Amino acid sequence: FSLQVDSANAGRVLASDAAIFLKKSGLTDLVLGKIWDLADTDGKGILNKQEFFVALRLVACAQNGLDVSLSSLNLPVPPPRFTDTNSPLLLSGTASSDVPWAVKLEDKAKYDAIFDSLNPVNGLLSGDKVKPVLLNSKLPVDILGRVWELSDIDRDGMLDRDEFAVAMFLVYCALEKEPVPMSLPAALVPPSKRKPISVPGTMPLIPSSTSTKESHQSLPSVGILAAKTPLTQ
């Protein structure tokens with residue numbers, strides 16, 4: 001606390017200093033603004049130590065797909081993750097390049113079959129081809145939008161085979177009422193998209209419940225998502 005954001009050692013954090021630090025969480029400005037408003041209870045633009053830890057807790061909630069609200073503060077979440085290696089708040093976890101991919105081999109085979117059925121061009125699917133598959137899941141549009149944002153890892157408006165698997169994985173999580181995270185956890189980044197030099201100290205995200213892995217077996221047939229029935233908007 002004192003080393004990172006309280007350089008004057010006054011037991012409080014100014015909005016400008018906190019903003020720089022909190023941005024390293026990878027969350028959007030909109031989410032960070034909401035976090036600040038909840039933590040800065042008296043609206044003075046300054047956080048004391050207790051308020052700052054509330055902000056950190058809310059960052060962890062957002063990174064794990066929970067609502068940014070005071071009611072989430074008592075829920076169990078892993079520590080917040082920041083990209084700054086000097087932070088005393090970071091725990092040295094497994095480097096992200098060593099984290100096993102959350103998409104299991106048998107699930108990947110199903111997702112690949114859907115991918116190939118959609119006639120990819122040069123190994124890529126455009127948004128127009130992926131959209132019907134996503135809409136067939138009957139999930140809310142805002143959730144599907146987040147799924148697309150998270151799965152288009154290289155931001156080229158297209159999904160390759162691995163990115164499509166991430167999208168399908170997130171869709172199935174959402175169908176099982178698992179929260180879709182605000183930022184892509186290290187365990188979900190495909191090995192093909194991981195940087196060779198990972199930032200030491202970033203915490204890999206462990207799935208929130210051990211039942212997540214088994215739950216995929218009870219999901220409706222993967223063919224439902226790939227059904228080529230016309231969609232009524």
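Modeller: Start with a definition. A residue is buried under 20% relative accessible area, exposed over 50%, and partly exposed in between. Keep in mind that this is a predicted model.

Biologist: Then how does lysine 131 count, at 46% relative accessibility?

Modeller: Lysine 131 counts as partly exposed, because 46% falls between the two cut-offs of 20% and 50%. This lysine sits in helix α5. Its C-alpha is 9.0 Å from that of tryptophan 148, and 17 residues separate the pair in sequence.

Biologist: Now the whole chain. How many helices and strands does the chain have?

Modeller: There are 9 helices and 4 strands. Read from the N terminus, their order is β-α-α-β-α-α-β-α-α-β-α-α-α.

Biologist: What percentage of the residues in the chain is buried?

Modeller: Of 233 residues, 45% are buried. Look at the contacts too. Take those between residues at least 6 apart in sequence: 65% of them join residues at least 24 apart.

Biologist: Show me one residue pair that is separated in sequence. How far apart are phenylalanine 82 and lysine 24 in space, C-alpha to C-alpha?

Modeller: The distance is 5.1 Å, across 58 residues of sequence. Phenylalanine 82 belongs to the loop between α3 and α4. A loop position does not settle burial, so check the area. Phenylalanine 82 has a relative accessible area of 1%, and is therefore buried, the cut-off being under 20%.

Biologist: Next, helix packing. At what angle do α2 and α3 pack?

Modeller: Helix α2 covers residues 29-39 and helix α3 covers residues 49-63. They pack at about 145 degrees, and their axes are 9 Å apart. The angle follows N-to-C directions and can run from 0 to 180 degrees. The crossing of α2 past α3 is right-handed.

Biologist: Which residues in α2 meet α3?

Modeller: From α2 come Val31, Ile35, Leu38 and Ala39. Across from them, α3 offers Glu51, Val54, Ala55, Leu58, Val59 and Ala62. Sorted by class, this contact holds 9 nonpolar residues, 1 charged residue and no polar ones.

Biologist: On to the nonpolar cores. Which residues touch the most other members of the largest nonpolar core?

Modeller: Val147, Phe164, Met168 and Leu188 do, in a core of 35 residues. At least two residues of this core come from each of α4 (105-117), α5 (127-135), α6 (141-151) and α7 (161-175). Helix α7 gives the most, with 11 residues. A second core, of 20 residues, lies apart from this one; Ile35, Trp36, Leu47 and Ala62 are among its members.

Biologist: Take phenylalanine 164. With which residues is phenylalanine 164 in contact, leaving aside its neighbours within four places in sequence?

Modeller: The contacts are Tyr111, Ile114, Phe115, Leu118, Leu125, Val130 and Leu159.

Biologist: What about a charged residue? Is aspartate 160 buried or exposed?

Modeller: Aspartate 160 is buried, because its relative accessible area of 17% is under 20%. Its place is strand β4, residues 158-160. Now look for polar partners. A polar side-chain atom of aspartate 160 lies 3.1 Å from the backbone nitrogen of aspartate 162. The backbone nitrogen of glutamate 163 is 2.7 Å from a polar atom of the aspartate 160 side chain. Beyond four places in sequence, aspartate 160 is in contact with Phe115, Gly123, Leu124 and Lys193.

Biologist: And arginine 194: buried or exposed?

Modeller: Arginine 194 counts as buried, because 14% relative accessibility is under the 20% cut-off. This arginine is in the loop between α7 and α8. Its side chain has a polar atom 2.7 Å from the backbone oxygen of valine 189. The backbone oxygen of alanine 186 lies 3.2 Å from a polar atom of the arginine 194 side chain.

Biologist: Last, backbone angles. What is the phi of lysine 138?

Modeller: Phi is near 65 degrees there, a positive value in a residue other than glycine. Lysine 138 lies in the loop between α5 and α6. Its relative accessible area is 67%, so it is exposed.

Biologist: Where does lysine 177 lie?

Modeller: Lysine 177 is in the loop between α7 and α8 (211-215). It is not a glycine either, yet has a positive phi of about 65 degrees. With a relative accessible area of 74%, lysine 177 is exposed.

Notes
Residues are numbered from 1 along each chain as its sequence is written. This is a predicted model: local features need pLDDT of at least 70, side-chain atom pairs count only at pLDDT 80 or more; totals for chains, interfaces and linings use all residues. Side-chain values use heavy atoms; hydrogens and water are left out. A crossing is left-handed if the near helix is turned anticlockwise from the far one by less than a right angle, and right-handed if clockwise. Contact means heavy atoms within 4.5 Å. Ala, Val, Leu, Ile, Met, Phe, Trp, Tyr, Cys and Pro count as nonpolar, Asp, Glu, Lys and Arg as charged, and the others, Gly among them, as polar. A nonpolar core is a set of buried Ala, Val, Leu, Ile, Met, Phe, Trp, Tyr and Cys residues joined through side-chain atoms within 4.5 Å. Buried means under 20% relative accessible area, exposed over 50%, partly exposed in between (1.4 Å probe, protein chains only). A polar contact is a pair of N or O atoms within 3.5 Å; within protein, one must be able to donate a hydrogen and the other to accept it, and residues adjacent in sequence count only if both atoms are side-chain atoms.
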